[in-house]
Amino acid sequence: MIRVGLTGGIGAGKSTVAKTFVAHGAYHIDADRIAREVVEPGTEGLAALVEAFGSEILDDEGALDRAALATRAFADAQSTQKLNSITHPLIGARTAELIAAAPADAVILHDVPLLVEGSLAPLYDAVIVVHTPADLRFDRLVNRRGMDPADARQRIDAQASDEQRRAVADIWLDNSGTPEELAAQALTVWNERIVPLRDHHSAGTSPELPTIPVEVDPAWGAVGARLVNRLWALLGAGAVAIAHVGPTADGASGPPVVPVLDLDVIVADEAAAQAAAEVLSANGFAPLPGESGRVHVAADPGRPARVRILVDQ
């Protein structure tokens, strides 16, 4: 299976993308829905919140009064940490249950509003950001959802900035237009990026790498940084160092170069090299034939990349 992270600011239009993907076979995991589910009446989550914050956080029917909880849980850093220590493990456990129940070849679409804020991007095979300008999101929240203007503005301002989201985005969808236009963008991404990624990942193959030089793209540095973070998330202590190298890492204008990102993974010894090769092969970086398992190519056709495993000397 592959895991695709979906995020965007409040009111950005993530649900349109999710519906499009689900209609074509994606397995949807909604972080907000899980967060509500684990504190429903009768759950251990709600009981723990009442013990921590008092029965005043319940409404007349015994359900969680989210506004009352927010007043107490966000009063100071210690209270917020207490809230997170209760809810995050429960959300994580339920998410793991849903992933375990997914088909082996599923495209898991993990809808996470706070993906950026939680530094979760490296955990996914690809991250999709739905972007809508803040003023347009504010208008939609107030005039379509009936949200209080002050609350809408506070919610928008409290979330990650556009720059922070762009830094983690493998795929950037613009929702300045109509829902139909966004759905059309999403379908193109599904057909041209997600399905090939899934198929190569499942088969243990990789798309052909480009061979024709092109003008230097300043965005290559950011793409390389995301790949470095992804490799660290996969390999952890199994790597000594990971770096984006070669002409795509320079970031300076110059003669045309072949648009393939090269990354070096430095490991401690031969055993670590073998372990790293196994991890990469299992996570969408197929071994390149004839390279003794030391060179791997990314399964994502929209991000041509080659990973070399080197033993530290």
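Visitor: What makes the contact between Arg-94 and Glu-37 a salt bridge?

Guide: In this predicted model, the side chains of Arg-94 and Glu-37 come to 2.7 Å, N to O. The cut-off is 4 Å between a side-chain nitrogen of Lys or Arg and a carboxyl oxygen of Asp or Glu, so the pair qualifies.

Visitor: Why is this pair said to tie together parts of the chain?

Guide: Arg-94 belongs to helix H5 (residues 77-100) and Glu-37 to helix H2 (residues 31-37), so the bridge links parts that are 57 residues apart in sequence.

Visitor: Why is Arg-94 called partly exposed?

Guide: The relative accessibility of Arg-94 is 26%. Buried would need under 20% and exposed over 50%, so Arg-94 falls in between. Glu-37, with a relative accessible area of 28%, is partly exposed by the same rule.

Visitor: How many salt bridges does the structure hold?

Guide: There are 13. One of them joins Asp-199 and Arg-198, with the closest N and O atoms 3.0 Å apart. That value is within the 4 Å limit, so the pair counts.

Visitor: Are Asp-199 and Arg-198 buried or exposed?

Guide: Neither label applies: Asp-199 has 39% relative accessibility and counts as partly exposed, and Arg-198 at 22% is also partly exposed.

Visitor: What makes Asp-262 and Arg-306 a salt bridge?

Guide: Their side chains meet at 2.7 Å, N to O, and the limit is 4 Å. Asp-262 lies in strand S7 (residues 261-267) and Arg-306 in strand S10 (residues 305-311), so this bridge ties together parts that are 44 residues apart in sequence. Arg-306 has 28% relative accessibility and counts as partly exposed.

Visitor: Which residues do salt bridges with shared partners join into one network?

Guide: The network consists of Asp-170, Arg-193, Arg-226, Asp-300 and Arg-303.

Visitor: Why is Asp-111 called buried?

Guide: Its relative accessible area is 6%. The cut-off for buried is under 20%, so Asp-111 meets it. Asp-111 is placed in strand S3 (residues 107-111).

Visitor: How do you know that Asp-111 has no salt bridge?

Guide: The nearest side chain of opposite charge is Lys-14, and it is 4.9 Å away from Asp-111. A salt bridge has to be within 4 Å, so this pair does not count.

Visitor: Which residues does Asp-111 touch beyond four places in sequence?

Guide: Asp-111 touches Leu-6, Lys-14, Ala-18, His-28, Ile-29, Asp-30 and Ala-31. In addition, the C-alpha atoms of Asp-111 and Thr-7 are separated by 6.2 Å, although the two residues are 104 residues apart along the chain.

Visitor: How do you know that the radius of gyration of the protein agrees with a compact globule?

Guide: For 313 residues a compact globule would have a radius of gyration near 20 Å, and the protein has 22 Å, which agrees. Along the principal axes, the C-alpha trace spans about 70 × 45 × 35 Å.

Visitor: What share of the contacts comes from residues 24 or more positions apart?

Guide: Such residues account for 69% of the contacts with a separation of 6 or more. The protein has 11 helices and 10 strands, and 41% of its 313 residues count as buried.

Visitor: How far apart are the mean positions of the positive and negative charges?

Guide: They are 2 Å apart, for 25 positive and 42 negative charges. The accessible surface comes to about 15500 Å², and 53% of that belongs to carbon and sulfur atoms.

Methods. Residues numbered from 1 in each chain as written. Predicted model: local features only at pLDDT ≥ 70, side-chain atom pairs only at ≥ 80, totals over all residues. Heavy atoms only, no water. Helix = DSSP H or I, 4+ residues; strand = E, 2+ residues; numbered from the N terminus. Rg over C-alpha atoms; globule rule 2.2 N^0.38 Å. Buried < 20%, exposed > 50% of the residue type's maximum accessible area, 1.4 Å probe, protein only. Contact = heavy atoms within 4.5 Å. Areas by Shrake-Rupley, 256 points an atom, 1.4 Å probe, with all protein chains shown as cover. Lys, Arg positive; Asp, Glu negative; His and termini not counted. Charge placed at Lys NZ, Arg CZ, Asp CG, Glu CD.
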